[in-house]
Amino acid sequence: MRLKLDIDPDIVAMMAAEVAAGERAVTAAMREAGTGLKSAWRMQITGAGLGRRLANSIRNQNFPRSGESLDAAALVWSKAPVIVGAHDTGPLIRSKDGFWLAIPLPAAGKSTRGGRITPGEWERRRGLRLRFVYRRTGPSLLVAEGRLNTKGQAVVSRSKIGRGKVTAPIFLLVPQVKLPKRLDLARDAARTLDSVPGLIVTNWVEVRLG
């Protein structure tokens with residue numbers, strides 16, 4: 001017995017159209033998911049008080065970069081992964097050399113490079129020497145002998161009689177610091193992942209209705 005199978009050209013065309021519709025739906029869904037996750041992470045960062053600059057470090061990229069595919073994907077990442085990751089995990093931070101972490105107090109001022117000033121930079125800028133003060137019941141200190149300016153920062157005293165001279169605490173010294181967990185990026189990622197099937201269906205239906 002010999003069987004002959006004829007494929008209706010209309011069926012072939014319908015299958016091709018269905019695949020094309022699927023490619024458009026999956027690609028559109030992944031683009032929406034990637035954009036949505038980027039926005040959610042940025043909102044988390046600004047909501048935690050970490051600033052717009054760090055929030056803008058969150059980027060996304062769609063694949064394929066052009067065209068449509070059933071294997072479409074979206075990548076969301078940060079250009080400052082160490083900082084964002086630290087706020088996401090709340091790690092325990094220790095000194096690299098095994099001694100102390102120096103936490104600047106208001107009298108220290110800020111670094112010229114932005115962020116926290118180090119004891120070495122502080123001494124170079126102020127022209128004062130820091131002195132170690134051990135405290136048994138609390139964090140030890142680095143202090144300096146000088147005067148406080150109008151900003152409350154320690155500077156060299158020019159008085160010959162010592163008027164206004166104080167011993168100002170400049171840095172707190174602690175063996176380690178537990179950074180508080182201020183972000184939950186996995187939560188938004190999981191919500192986005194759960195939304196993908198619905199986004200695909202929605203975009204597929206819209207394609208068919210169109």
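# Close-up views, one at a time

**View 1. Arg131 sits at 41% relative accessibility, which makes it partly exposed.** Keep in mind that this is a predicted model. Which residue does Arg131 form a salt bridge with? The partner is Glu145, and the closest N and O atoms of the two are 2.8 Å apart. This pair ties together distant parts of the chain: Arg131 belongs to strand S5 (residues 131–133) and Glu145 to strand S6, with their positions 14 residues apart. Glu145 is also partly exposed, with a relative accessible area of 30%. Both ends of this bridge fall between the cut-offs, since buried means under 20% and exposed means over 50%.

**View 2. Here Arg125 and Glu121 meet through their side chains in a salt bridge, at 3.8 Å from N to O.** Why can such a pairing happen at all? Side chains of opposite charge can pair when their charged atoms come close. As for the spacing, Arg125 and Glu121 are 4 residues apart in helix H4, so about one helical turn separates them. The general rule is handy here: an α-helix has 3.6 residues a turn, so residues three or four places apart point the same way. Buried or partly exposed: where does each partner fall? Arg125 is partly exposed at 39% relative accessibility, while Glu121 is buried at 4%.

**View 3. Zoom out a little to see helix H4 (residues 119–126) and its buried residues, Glu121, Trp122 and Arg126.** They span an arc of only 110° around the axis, so they end up on the same side of H4. What do these buried residues pack against? Their partners are strand S6 (140–148), strand S7 (154–155) and strand S8 (166–174). Just after H4 comes Gly127, which has a positive phi, near 70°.

**View 4. Helix H3 (residues 81–89) has its own set of buried residues: Val84, Ala86, His87 and Asp88.** A glycine turns up after this helix as well: H3 is followed by Gly90, with a positive phi near 65°.

**View 5. Look along strand S1 (residues 58–63) and you'll see its side chains alternate between two faces.** Ile58, Asn60 and Asn62 point to one face and are buried. Arg59, Gln61 and Phe63 point to the other face and are not buried. How many bridges join S1 to strand S2 (residues 73–78)? There are 6, and the two strands run antiparallel. One spot to pick out is Arg59, which stands opposite Trp77 in S2.

**View 6. Stay with these strands and find the peptide bond from Phe63 to Pro64, which is cis, with omega near 0°.** Where does Pro64 lie? It's in the loop between S1 and S2. Phe63, on the other side of that bond, is among the S1 residues that are not buried.

**View 7. Gln44, found in helix H1 (residues 9–47), takes centre stage here.** Its relative accessible area is 13%, so Gln44 counts as buried. What does Gln44 touch, once its neighbours within four places in sequence are set aside? The contacts are Leu183, Asp184, Leu185, Arg187 and Asp188.

**View 8. Two of those contacts of Gln44, Arg187 and Asp188, also form a salt bridge with each other, their closest N and O atoms being 3.6 Å apart.** Arg187 is partly exposed, with a relative accessible area of 36%, whereas Asp188 is buried at 8%. The story has a third player: Arg187, Asp188 and Arg191 are linked in a network of salt bridges.

**View 9. Pull all the way back and the chain shows 5 helices and 9 strands.** Reading along the sequence, you get the pattern α-α-β-β-α-β-β-α-β-β-β-β-β-α. The chain has 210 residues, and 31% of them count as buried. Of the contacts with a separation of 6 or more, 62% come from residues 24 or more positions apart. The accessible surface is about 14300 Å², with 57% of that belonging to carbon and sulfur atoms. The salt bridges come to 6, including Arg131 with Glu145 from the opening view.

Terms used
Residues are numbered from 1 along each chain as its sequence is written. This is a predicted model: local features need pLDDT of at least 70, side-chain atom pairs count only at pLDDT 80 or more; totals for chains, interfaces and linings use all residues. Side-chain values use heavy atoms; hydrogens and water are left out. Buried means under 20% relative accessible area, exposed over 50%, partly exposed in between (1.4 Å probe, protein chains only). Two strands pair if DSSP finds at least two bridges between them. Contact means heavy atoms within 4.5 Å. The arc is that of the directions from the helix axis to the C-beta atoms. A salt bridge is a side-chain nitrogen of Lys or Arg within 4 Å of a carboxyl oxygen of Asp or Glu. Accessible areas come from the Shrake-Rupley method with a 1.4 Å probe; for residues, only the protein chains shown count as cover.
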